[in-house]
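User: I would like to go through this structure step by step. Please reason briefly and end each answer on what I asked for.

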Amino acid sequence: MGLKGFVEGGVASVIAGASTHPLDLIKVRMQLQGESHIPNLSSVQSCRPPFSLSSTANISLPTTLEAPPPPRVGPLSIGVRIIQTEGAAALFSGISATLLRQTLYSTTRMGLYDVLKHKWTDPDTNSMPLVSKIGAGLISGAVGAAVGNPADVAMVRMQADGRLPIENRRNYKSVVDALSQMSKQEGVASLWRGSSLTVNRAMIVTASQLASYDQAKEMILEKGLLSDGIGTHVAASFVAGFVASVASNPIDVIKTRVMNMKVEPGVEPPYKGALDCAVKTVKAEGPMALYKGFIPTISRQGPFTVVLFVTLEQVRKLLKDF
């Protein structure tokens with residue numbers, strides 16, 4: 001029973017991840033909008049006139065250069081821009097990392113949740129309290145995130161690479177190349193950069209997504225609104241996708257920025273950690289910056305969740321006799 005749950009969850013997750021990858025890439029690009037890569041003003045050379053002016057001349061010149069903030073654009077505009085500047089294939093940048101991430105992270109969390117669900121379900125009533133579902137989601141999400149963090153870091157970097165100037169791009173050829181270069185250039189520990197955020201996000205996503213799906217499905221069946229079929233699975237999936245998006249977006253924004261930051265020897269990194277990133281983001285861009293990319297998040301989370309659970313239910317039927 002335990003192994004079967006891992007297989008079912010893994011197959012469904014890989015299919016869902018691959019089919020919604022372009023939406024995830026657009027979400028990452030939106031979450032990085034407004035992030036400043038300009039050095040501190042103290043490190044910027046002052047602009048000095050090439051000649052001396054008379055002391056009697058009352059002329060004031062700016063001492064620093066200020067770059068105008070980049071324009072904010074929506075998900076559709078970002079998608080069109082990616083296709084125009086990088087080609088349609090760029091929408092699938094980092095797909096190898098996504099597949100590896102789903103294989104490691106989602107297979108683990110889905111399988112472990114299924115194990116805990118069967119273990120904690122009351123055999124007499126064949127039901128599981130909502131609190132227990134949330135607990136199972138928190139545990140399975142944390143374990144899955146710890147296993148899949150290296151692939152998560154590689155995926156974020158590969159998805160974000162196209163927005164960087166050509167000379168600053170990492171140009172990873174594949175997820176294997178990304179993990180190899182990161183280990184050589186930044187140390188093995190870099191593979192777990194932002195792991196605390198990944199774990200926190202995964203706990204929230206898994207608890208809200210899986211628990212709300214099971215709860216919504218049970219309520220629909222108990223009230224007799226729909227029969228146990230695709231209609232019920234789709235309706236419960238939309239509920240799960242919305243709840244997971246609202247709960248996880250702020251952590252997802254911070255996770256994306258921490259994972260994507262470029263760390264160079266002898267240079268202070270843009271963020272000292274998750275809390276520092278959150279504080280700097282809110283100070284520079286306002287509290288709603290934590291919900292950047294929410295439209296593509298829910299646009300991706302909705303279809304992802306629907307494909308995930310509809311596929312999962314179908315795979316369960318196929319493997320029912322095994």
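User: How are helices α5 and α8 oriented to each other?

Analyst: In this predicted model, the axes of α5 (residues 130–160) and α8 (residues 230–260) come within 9 Å. They cross at roughly 80°. Angles of 65 to 115 degrees count as roughly perpendicular. The two helices, α5 and α8, are therefore roughly perpendicular.

User: Which residues of α8 make the contact with α5?

Analyst: On the α5 side, the contact is made by Asn-149, Asp-152, Val-153, Val-156, Arg-157 and Ala-160. The residues of this contact divide into four nonpolar, three polar and three charged. On the α8 side, the residues are Lys-255, Thr-256, Met-259 and Asn-260.

User: What ties α8 to helix α2, and how many residues apart in sequence are the two parts?

Analyst: Side chains of opposite charge can pair when their charged atoms come close. Asp-252 and Lys-27 form a salt bridge, with their closest N and O atoms 2.8 Å apart. Asp-252 lies in α8 and Lys-27 in α2 (residues 21–31), so the pair ties together parts whose separation in sequence is 225 residues.

User: Are Asp-252 and Lys-27 buried or exposed?

Analyst: Buried means under 20% relative accessible area. Asp-252 has a relative accessible area of 2%, and the value for Lys-27 is 6%. Because both values are under that cut-off, Asp-252 and Lys-27 are buried.

User: Which residue of helix α7 forms a salt bridge with Asp-252?

Analyst: The closest N and O atoms of this pair are 2.9 Å apart. The partner lies in α7 (residues 195–222) and Asp-252 in α8, so the pair ties together parts that are 51 residues apart in sequence. The partner counts as buried, at 6% relative accessibility. The residue is Arg-201.

User: Which residues are linked in a network of salt bridges?

Analyst: Asp-252 forms salt bridges with Lys-27 and with Arg-201, and these three residues are in the network. The network also includes Asp-152 and Lys-255, which take part in the contact of α5 with α8. The full list is Asp-24, Lys-27, Arg-101, Asp-152, Arg-201, Asp-252, Lys-255 and Arg-300.

User: What separates Glu-8 and Lys-4 along helix α1?

Analyst: The side chains of Glu-8 and Lys-4 meet in a salt bridge, at 4.0 Å from N to O. Glu-8 counts as buried, at 5% relative accessibility. The two residues are four residues apart in α1 (residues 2–19), so their separation is about one helical turn.

User: How many salt bridges does the structure hold?

Analyst: The pair of Glu-8 and Lys-4 is one of them, and the pair of Asp-252 and Lys-27 is another. The number of salt bridges in the structure is 19.

Definitions and conventions: Residues are numbered from 1 along each chain as its sequence is written. This is a predicted model: local features need pLDDT of at least 70, side-chain atom pairs count only at pLDDT 80 or more; totals for chains, interfaces and linings use all residues. Side-chain values use heavy atoms; hydrogens and water are left out. Axes are lines fitted to C-alpha atoms, for helices over the stretch in contact, and angles run from 0 to 180 degrees between N-to-C directions. Angles under 35 degrees count as roughly parallel, over 145 as roughly antiparallel, 65 to 115 as roughly perpendicular and the rest as oblique. Contact means heavy atoms within 4.5 Å. Ala, Val, Leu, Ile, Met, Phe, Trp, Tyr, Cys and Pro count as nonpolar, Asp, Glu, Lys and Arg as charged, and the others, Gly among them, as polar. Buried means under 20% relative accessible area, exposed over 50%, partly exposed in between (1.4 Å probe, protein chains only).
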